[in-house]
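Work through the following exercises with the structure open beside the text, and try each task before turning to its solution.

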Amino acid sequence: MSVLIVLFRNDLRLHDNEVLQRAVSSAADHVLPLYCFDPRHFAKTHWFGFPRVSPLRYRFLTQSVSDLQKNLRNRGSGLLVRVGAPEEVVPALAKQLGGSATVKGVHLHEEICSEERGVERSLASELKGLGIPITKCWGSTLVHRDDLPFPPTQLPDVYTQFRKRVESSCDICPVVELPQQLKPLPPAIAAEEAASAVPPASQFGISEAPVDQRGVLPFQGGETAALSRLDEYFFKADCLKDYKQTRNGLVGANYSSKFSPWLALGCLSPRHVYHKVKEYERQRVANDSTYWLIFELLWRDYFKFIGVKFGTKLFQADGLMGKQVKWRTNRNAFEAWRDGRTGVPFIDANMRELRATGYMSNRGRQNVASFLTKDLTLDWRLGAEVFEAELLDHEPTANYGNWNYAAGIGNDPREDRKFNIIKQAMDYDPNGEYVKLWCPELTHIPSPKCHCPWTLTPAEQQQYNCSIGEDYPNAIYVDGSWRTHQDRRPPQSSGGDSYYAK
């Protein structure tokens, strides 16, 4: 009796899963899907020792693993869940099975970053001693690595160059299909699989996740929720046709697709998203918005291939450019930023949303990163590690790649720019709806004053029932360039910005 082990990592789905498809199409009698909760993932961040995974991130992960287990069981298989390092768990499992079956190999998706690749090397070494081969597939990008019109080591330094070359010469692979009935588990492991479940958060010293009703979405982890969200956003709510116009919103479920948490854990395949966009274009409309969603998927690819090209430089203080910058590490300023207590409402609202929900809009991320690195001149890695801990959609190459650009140390110097926080607030939250949602202390202050409360006179503070320095923090930094926009009048509204209501 022969067995193939399929090790799941950041590919928590059945659709478009080449590793699983190869295993179930093989000559093996049984396929054993496995997921390892590696304690190293829940330790501390590398540079500053922050908790690496927040309660919200852990909940989303466990929901995703549980959903995968349920979906595999529904197709006659299952998912064995164990706690431990894969390079220890897999060989031990192979030895356990050895008395009743022959383990013919281990299949897994190839990862990009150094820690994950280190696991792959250690696992391959351990399995070699047992005479068990390891087979890896590439499956995390829209454009397959082997289809690039250049080797990853020659990746263009500018995204636009990458995009144009890919668009002109690459076809997107079709999604990989699985049979409805999968190969069964090996009998010797069936009882253990039936009893296996995700470990409680407390096992890794993680507290229970809070629930905040102000969040843009409830964000249920797993492939089932991912496919449901795609269907809702594209076809039921018909939002894709307006994506380019609404994507910079701040409040509500449908100003953007919000696929990123599911993409990060592989609950949703980028190729599946691409082909659903093409289906939408055939059935409804093809326009700038449908193109723009694919444009954003290619940005995601670009950061992954940056990770392939530059390796650990992505995580170093001087970044991809090797640019020496004297970063500060002022603890009080950093903690005010992290906790949403800077006294700058647009920054505070975004950081409070992140802490409460695990999500922040793209517009918010650009602003809080600019404020940390350009206004406060704090070490960009502080921000990257906070995002690593808190964001449901944390993926190393995208997170650290974006922070490289925000800090001005990415490989494209044209991406180095400083945001005028008040201009951004007035452009994207003109009536103060967003900042008042997350900073309720400012509820009674009209726009534009709600975006710059340090300008309030004592009489105005009393009028608006908000004492600056008591009810809401004093600003830790005010840039002189903000004055130009402090007195901008918000636009007259006839029912709110359209994207808030979508």
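## Exercises on a predicted model

**Exercise 1. Find the helices that pack on the sheet, and give the direction of each against a strand.**

Because this is a predicted model, the solutions describe a computed structure. Begin with helix H2 (residues 55-73), which lies across strand S1 (2-8), S2 and S3 and runs at about 170° to S2. Then turn to helix H4 (residues 114-129), which packs on the sheet and touches S1, strand S4 (102-109) and S5, its direction making about 155° with that of S5.

**Exercise 2. Work out the strand order of the sheet and the sense of its pairing.**

Step one is to follow the order, which reads S3-S2-S1-S4-S5 in an open sheet of five strands, with parallel pairing. Step two is to look for strands that pair on one side only, and these edge strands are strand S3 (80-83) and strand S5 (134-137). Step three is the twist, which averages 30° from one strand to the next.

**Exercise 3. Describe how S2 and S3 are paired, and trace the chain between them.**

Strand S2 (residues 30-37) pairs with S3 in the parallel sense, over four bridges. Taking individual residues next, Tyr 35 has Val 81 in S3 as its bridge partner, while Leu 34 stands opposite Leu 80 in S3. To trace the connection, follow the chain from S2 through H2 to S3, a β-α-β crossover that is right-handed.

**Exercise 4. Characterise the largest pocket by its volume, its lining and the elements that supply it.**

The volume of the largest pocket is about 1400 Å³. Its lining comprises 44 residues, and those that lie nearest the centre are Glu 296, Trp 299, Phe 303, Asn 362 and Asn 402. Sorting the lining by class gives 21 nonpolar, twelve polar and eleven charged residues. At least two lining residues each come from helix H5 (159-169), helix H9 (260-264), helix H11 (288-310), helix H14 (362-375) and helix H16 (396-407), and H11 gives the most, with eight residues.

**Exercise 5. Repeat the analysis for the second largest pocket.**

For the second largest pocket the volume is about 1200 Å³. There are 50 lining residues, with His 41, Arg 52, Glu 115, Glu 116 and Pro 396 lying nearest the centre. Two or more residues of this lining are given by each of S2, H2, H4, H9, H11, helix H15 (380-390) and H16. The largest share comes from H4, which supplies four residues. By class, the lining of the second largest pocket holds 20 nonpolar, 13 polar and 17 charged residues.

**Exercise 6. Describe the packing of H13 against H15.**

Two packed helices are described by the angle between their axes and by the distance between those axes. Helix H13 (residues 345-357) and H15 pack at an angle of about 35°, and their axes are 9 Å apart. On the H13 side the contact is made by Met 351, Leu 354 and Arg 355, and on the H15 side by Val 386, Phe 387 and Glu 390. The residues of this contact divide into four nonpolar, no polar and two charged.

**Exercise 7. Locate a cis peptide bond and a positive phi in the backbone.**

As background, most peptide bonds are trans, and most residues other than glycine have a negative phi. The cis peptide bond joins Ser 447 and Pro 448, with omega about 10°, and Pro 448 is found in the loop between helix H18 (433-438) and helix H19 (458-463). For the second part, Lys 258 is a residue other than glycine with a positive phi, near 60°, and Lys 258 is found in the loop between helix H8 (243-246) and H9.

Terms used. Residues are numbered from 1 along each chain as its sequence is written. This is a predicted model: local features need pLDDT of at least 70, side-chain atom pairs count only at pLDDT 80 or more; totals for chains, interfaces and linings use all residues. Side-chain values use heavy atoms; hydrogens and water are left out. Two strands pair if DSSP finds at least two bridges between them. Axes are lines fitted to C-alpha atoms, for helices over the stretch in contact, and angles run from 0 to 180 degrees between N-to-C directions. Contact means heavy atoms within 4.5 Å. A crossover is right-handed if, with the strands pointing away from the viewer, the path from the first strand over the helix to the second runs clockwise. On a 1 Å grid over the protein atoms alone, a cavity is a set of points where a 1.4 Å probe fits but cannot get out, and a pocket is an open set with protein on both sides within 12 Å along at least five of seven lines; lining residues have an atom within 4 Å of a point. Grid points are joined across faces, edges and corners, and a volume is the space filled by probe spheres set on the points. Ala, Val, Leu, Ile, Met, Phe, Trp, Tyr, Cys and Pro count as nonpolar, Asp, Glu, Lys and Arg as charged, and the others, Gly among them, as polar.
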